[in-house]
Amino acid sequence: MPAHFANLTGASTLKTRPFLLAHRIVDDLVANLATGVIHGNAGTGKTYAVQAALESLQDGDGTPVTTCALTFPSRPTMRMITDELLRAVTGEAPPRSHNRFQLVTTLTDLLSGRPRLVVVDEAQRLNSDCIELLRHLHDAPTTRFALLYVGGDGCWEVLSAEPMLRSRVFRRLPFHTLPRAKVPDLIGHFHPIYNGVDAQVLFDIDDFYAHGTLRDWASFTHTAAQLCAETGRSRIDAEIIANAYTLLGGGAYA
C-alpha cells in the first residue's frame, strides 16, 4: 500500500466505497483502453486510492501493466505535454530538434504497442489545447492505452467543459469527505490509538478539526500518536487531544 500522509505509521487502509471503486474503475479503464476521471477536493483520499490501485494493476494474463504517470505545473503547454509523455514512455529526454508535430507522430507510434495506462495528475491545470492533444493521441486508430485524469478542486468542471472529452469519459468517480455518521466506525479502525475510544470523542475531533477530510485525520493521528508515545499511553485521552490541537494550530497546551 502507498505511504500515508506525513509517513504516518501503524495506520490501516480505510477501504471506503470510493477506495474500492477506484480499483474497479482503474481495472475497467485498462481492460477497455478507455478514458476515466477520478476527482475530488484535496485530502479526500483520491491520490492514495489511485496509487493503491496502480500498485496491484495487472492485465488479463497477470502481467503488470505499464503505467506512465504525469503531473504538470500550472498552465502547461502542448509542447510540455508531448515532451513529458515521451519522456515517461521512453525514459529519455525528447529530441529538442524535433517540433511538436514530429513528437506527436513519434508518440503515436510508441503508444501503439503493448497496452498501457497513462495517468495525468492535477488534471485541473490542463487547458483546452492540452486536453485536445491527449484526446487526439487516445483516439488515434493505432494507439492502445487507457487514459486516467486525476484532479482536485475544479477538475471535473475543467474537463467536462470540453464536449469532445466529456462524451468519451467511460468511468468517473468523485471523492467526498467522510460522512459524519461513518466517522466512528471508520476512524475507530484507522489506528491503534483509537481502539476503544468513545464515538462521541471521534465526532468531536471531526467537528473541531478534521471535518471528514482523511488528510486532516492523518495529520491529527500522526500528532496524537507521537504524543501518546512520548507519554507512554496506548490511546488518546482528553489531554492528548488538547495538546494535539495546540500543535496543529488551536487550543491550549495542557
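1. A friendly place to start is Asn7, which counts as exposed because its relative accessibility is 58%, and the cut-off for that label is over 50%. Please keep in mind that this is a predicted model. Asn7 sits in the segment before α1, the helix that runs over 17-32. The backbone of Asn7 deserves a look too: phi there is near 55°, a positive value in a residue other than glycine. As background, most residues other than glycine have a negative phi.

2. Which other residue is not a glycine but has a positive phi of about 55°? That is His211. You will find His211 in the loop between α9 (199-210) and α10 (214-231), and the positive phi comes just after α9. Is His211 buried or partly exposed? With a relative accessible area of 48%, His211 is partly exposed, because that label covers values between 20% and 50%.

3. Now step back from His211 into the helix before it. At the N-terminal end of α9, Asp198 acts as a cap. A side-chain oxygen of Asp198 lies 2.9 Å from the backbone nitrogen of Gln200. So if you are tracing α9 on screen, you can begin with the Asp198 cap and finish at His211, just after the helix, with its positive phi.

4. Which residues of α9 are buried? They are Leu202, Phe203, Ile205, Asp206, Tyr209 and Ala210. Asp206 is worth pointing out, as an acidic residue that counts as negative and is found in this buried group. The cover over the buried residues of α9 includes α8 (183-187), α10 and α11 (238-247). One of these, α10, is also the helix on the far side of the loop that holds His211.

5. For the wider view, the protein has 11 helices and 5 strands. Its C-alpha trace spans about 65 × 40 × 35 Å along the principal axes. Of the 254 residues, 46% are buried. Looking at contacts between residues at least 6 apart in sequence, 70% join residues at least 24 apart.

6. Last, the surface and the charges. The accessible surface comes to about 12500 Å², and carbon and sulfur atoms account for 51% of that area. The protein carries 23 positive and 26 negative charges, and the mean positions of the two sets are 6 Å apart.

Conventions. Residues are numbered from 1 along each chain as its sequence is written. This is a predicted model: local features need pLDDT of at least 70, side-chain atom pairs count only at pLDDT 80 or more; totals for chains, interfaces and linings use all residues. Side-chain values use heavy atoms; hydrogens and water are left out. Helices (H or I, at least four residues) and strands (E, at least two) are DSSP runs, numbered from the N terminus. Buried means under 20% relative accessible area, exposed over 50%, partly exposed in between (1.4 Å probe, protein chains only). Contact means heavy atoms within 4.5 Å. Accessible areas come from the Shrake-Rupley method with a 1.4 Å probe; for residues, only the protein chains shown count as cover. The place of a charge is taken as NZ of Lys, CZ of Arg, CG of Asp or CD of Glu. A polar contact is a pair of N or O atoms within 3.5 Å; within protein, one must be able to donate a hydrogen and the other to accept it, and residues adjacent in sequence count only if both atoms are side-chain atoms.
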